[in-house]
Amino acid sequence: LKVERTESHTLWSGSLADKTLRVWRHRRTGEAPDISELMASNAVYVERCAELQAQLATERQLSTESASAHLAERRVAISHLSELAAAHARLQRQKRDGEDIVLSLRRQLQET
C-alpha cells in the first residue's frame with residue numbers, strides 16, 4: 001500500500017511600517033524525510049534547548065539575587081524608618097516638656 005505524502009509549510013511575515021503581509025508557501029509531495037537531516041535538526045534542537053535552559057537558570061539566579069538584595073535594602077529602610085519615628089516621638093515629648101517649662105516660667109514672671 002503506497003501513501004502519497006504531502007508536506008505544507010506556510011510562513012507569515014508582517015510589517016507595521018509599510019502595512020504589508022507576506023505569505024510564503026512551500027509544498028513537498030511524495031518525498032520521504034531524510035533521516036540524516038532529521039537527526040541533524042534534532043541535535044541542533046537539543047543543543048539550543050540546553051542553551052535556553054542554561055540562560056533561564058542564570059536569569060532565575062540573577063532574579064533571586066536581585067530580590068534578596070531588594071529585600072535586604074527594604075529591611076534596612078524599615079529599620080531606619082522605625083528609628084526616625086522613635087526619634088520624632090522623643091523630640092515631640094521634649095518639645096512639649098520645653099513648652100510646659102516656658103509656660104510655667106511665664107506664669108511665675110507674671111505673678112511677680
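Two exercises with worked solutions follow, on the fold and on the charged side chains of a predicted model. Residues are numbered from 1 along each chain as its sequence is written. In this predicted model local features need pLDDT of at least 70 and side-chain atom pairs count only at pLDDT 80 or more, whereas totals for chains, interfaces and linings use all residues, and side-chain values use heavy atoms, with hydrogens and water left out.

**Exercise 1.** Determine which pattern the secondary structure follows along the sequence, and how the radius of gyration of the chain stands against the globule rule.

*Solution.* Begin with the elements, taken as DSSP runs (helices, H or I, of at least four residues; strands, E, of at least two): the chain has one helix and two strands, in the order β-β-α. The radius of gyration, taken over C-alpha atoms, is then set against 2.2 Å times the number of residues to the power 0.38; it is 38 Å, well over the 13 Å that the rule gives for 112 residues, so the chain is more spread out than a compact globule. Finally, the C-alpha trace spans about 125 × 35 × 25 Å along its principal axes.

**Exercise 2.** Identify which side chain meets that of Arg-48 in a salt bridge, and state where the two residues lie.

*Solution.* Apply the rule that a side-chain nitrogen of Lys or Arg lies within 4 Å of a carboxyl oxygen of Asp or Glu, which gives two salt bridges. In one of them the partner of Arg-48 is Glu-51, at 3.2 Å from N to O. Both residues lie in helix H1 (residues 35-111), three residues apart, about one turn of the helix.
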